[in-house]
Amino acid sequence: MGWYDEFLNKYKSGISHEFLFYFNVRDLVDNSRHLDKYLYDEFIKQRGFSIVAFYDISRGLTFLDPSMEKEFNLITSNEAADLLHTLPSKIFPYIDMVLKSTKTVLFIDHVEKIIPSGDVGSMTLEERMSLIWICEWSSNIKISTIGSTIFMLADNLEDVSREILKSSFKVEPVLVELPGEKERCSYINYLLNNKNVKLDISLDEFAKLSSGLSRKSINDIRLRAEAENIPITFDFIKEKKHSVLKKEYGDVLEFIYPEISFEDIGGMDIAKNYLIKNIVNPVKSGDLRRVPMGILLCGPSGTGKTLLVNALAKASGFNCVKIDMSRILGQYVGESEKNFKKCLLGAKSQQPVIVFVDEIDTTFRRGESGDSGVGRNIFSEFLQFTGNTNNRGKVIFIAATNRPDLLDAALKRPGRFDKKIPVLLPGIGERAEIFEIIIGKYGFDTDIEDFIPYAEATENYTGAEIETIVRKAYEIANEDDKPGTAITGEILRKAIERCRPSTQEVEFMTLLAVKECDDLDLLPEKYQHLLEEKKDN
Ligand code: ADP
């Protein structure tokens, strides 16, 4: 566990005895004040703390066991016995006394309610007093000599007063991550041991599927299966994941469960080959240096960019999340920034993961991202996140756009979305393939064997438009409500006549995608002359 080691190092080196744990803190202390077994066994028990106490504003001060409360009362000469459920200003002086008298662990939960973020000037007197105690404890010699330790817990670092993180105090923030795959696997193993729960999937599958879930959520799955006396299935976990994600990340993070393979995509051989060679194969062989940090898929809408991402997720075995930036920015100021950070942490917790940002140009437009404070902060957060080379081969960013010309240049610099793959209109052979694939996908009957004539009649159509034609053909075939009607050549022709492509926009976007492309190997031959023309100009 990365976070635990980080904390332990800081603790052992004596840097601090007061820590601010944030993010996945419910795995440490849950809402019923159950303490994480690992933290208890490995840290508290081994170091012989005599008092373990919990405080938060709504529930006041409680203890891990009654003997500890007795000891607390003894040290405070029973003066605090009636004050356990009062505000910090009343009870903190007694806690202070105890921290300095005996080796104590104090958990201050929901610390953002005690010392919320914002200007110190606008804090209430109560909040300011709490802030003073908390800051004072961090650098108090008596507390460190006795060996008392304070753990503050908050879901979001941004919700807590910045004051305590100033260098004059010694509060150390520690990001508590969600459990990784290995950790989930051993936790699930421990959970299911000797319990009456049946698994409809393998342990490894459960561990893989539960990415992004805390141990608490995994345990909830087990408890529910047990209560309802049903086995744990793929859908069961998926449903839980959806509800957790919705609750934690609002509507901004969406899971994609890929059901599409590369074979289900017509044409696009160059793009497919690139992804297989540079991502799928290296990931499988463990040679992560080859894997690009980020890829920008450029091209008109409806040409299959989303499909490619899906197929890549399936072939690589990566999880896949989609970030809906427009929703993040739609939230009110302050909120959007906080949620964005959380959303990135959530996405990262899914690793190995493909993070997909569709229509990225609508969020990070050239020149605009620097305008407002919120925009700038979110943009620099995004740049930092996407440029973090520690994530290479574990987090792959894929963005799609039909207006690469509008994107902020910083995004396209080396080390971010530096591979630009044009996804353009299908050629004649590709269109024939797409017709066949889409008719197959819907399970429509047809007596057509050769789709080339129909591909000839659909120059300048996108894959999405071919899909519209096929659906239209099915509609025509079933106009008389006779069941089992097949799509004949005549019907398909009729459908083609009725659906027109949106040529003008597509031409413009094709040109933009070609202009953006800086690697001739990735550009289909029939478009290469456009790039030559660009050079000549
Ligand atoms: P984009 O992300 O580029 O806007 P999508 O991937 O969402 O396009 O494609 C829209 C729909 O069009 C897909 O769901 C699929 O049914 C169809 N489609 C587009 N291109 C292809 C293709 N090459 N092969 C098969 N279907 C395609």
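This is a short walk through the structure, from its domains to its ligand and then to two unusual spots in the backbone. Keep in mind that the model is predicted.

Start with the overall layout. The protein chain is divided into four parts: domain 1 (2-176), domain 2 (181-249), domain 3 (262-422) and domain 4 (428-498). Look for domain 1 and domain 4. Their C-alpha centres lie 67 Å apart.

Now find the ligand. The space it takes is the largest pocket. Which elements give two or more residues to the shell around the ligand? They are α13 (305-316), α18 (428-442) and α20 (463-477). Next, think in terms of domains. Domain 3 (262-422) gives at least three residues to this shell, and domain 4 (428-498) also gives at least three.

Turn to the residues themselves. There are 17 residues around the ligand. Those that come nearest are Gly266, Gly302, Lys305, Thr306 and Glu467. What is the shell made of, by class? Six of its residues are nonpolar, seven are polar and four are charged.

Some contacts with the ligand involve the protein backbone. Take glycine 266. One of its backbone N or O atoms lies 2.9 Å from a nitrogen atom of the ligand. Glycine 302 is another case. Here a backbone N or O atom lies 2.8 Å from an oxygen atom of the ligand. Then look at alanine 464. A polar backbone atom of this residue is 3.5 Å from an oxygen atom of the ligand. How much of the ligand does the protein cover? On its own, the ligand has 560 Å² of accessible area, and the protein covers 83% of that.

Leave the ligand and follow the backbone. Two loops deserve a stop. The first stop is the loop between α15 (335-348) and β10 (353-357), where proline 352 is found. Check the peptide bond that leads into this proline from glutamine 351. Is that bond cis or trans? The bond from glutamine 351 to proline 352 is cis, with omega near 5°.

The other stop is the loop between α3 (66-75) and α4 (88-99), which holds asparagine 78. What is the sign of phi at asparagine 78? Its phi is positive, at about 65°, although the residue is not a glycine.

Finally, go back to the pocket and trace the shell once more. Among its elements is α20 (463-477), and Glu467 is one of the residues that come nearest to the ligand.

Definitions and conventions: Residues are numbered from 1 along each chain as its sequence is written. This is a predicted model: local features need pLDDT of at least 70, side-chain atom pairs count only at pLDDT 80 or more; totals for chains, interfaces and linings use all residues. Side-chain values use heavy atoms; hydrogens and water are left out. A residue is near a molecule or strand if one of its heavy atoms lies within 4 Å of it. A polar contact is a pair of N or O atoms within 3.5 Å; within protein, one must be able to donate a hydrogen and the other to accept it, and residues adjacent in sequence count only if both atoms are side-chain atoms. Accessible areas come from the Shrake-Rupley method with a 1.4 Å probe; for residues, only the protein chains shown count as cover. On a 1 Å grid over the protein atoms alone, a cavity is a set of points where a 1.4 Å probe fits but cannot get out, and a pocket is an open set with protein on both sides within 12 Å along at least five of seven lines; lining residues have an atom within 4 Å of a point. A molecule sits in a cavity or pocket if more than half of its atoms lie within 2 Å of its grid points. Helices (H or I, at least four residues) and strands (E, at least two) are DSSP runs, numbered from the N terminus. Ala, Val, Leu, Ile, Met, Phe, Trp, Tyr, Cys and Pro count as nonpolar, Asp, Glu, Lys and Arg as charged, and the others, Gly among them, as polar. Domain bounds come from an automatic or database domain assignment.
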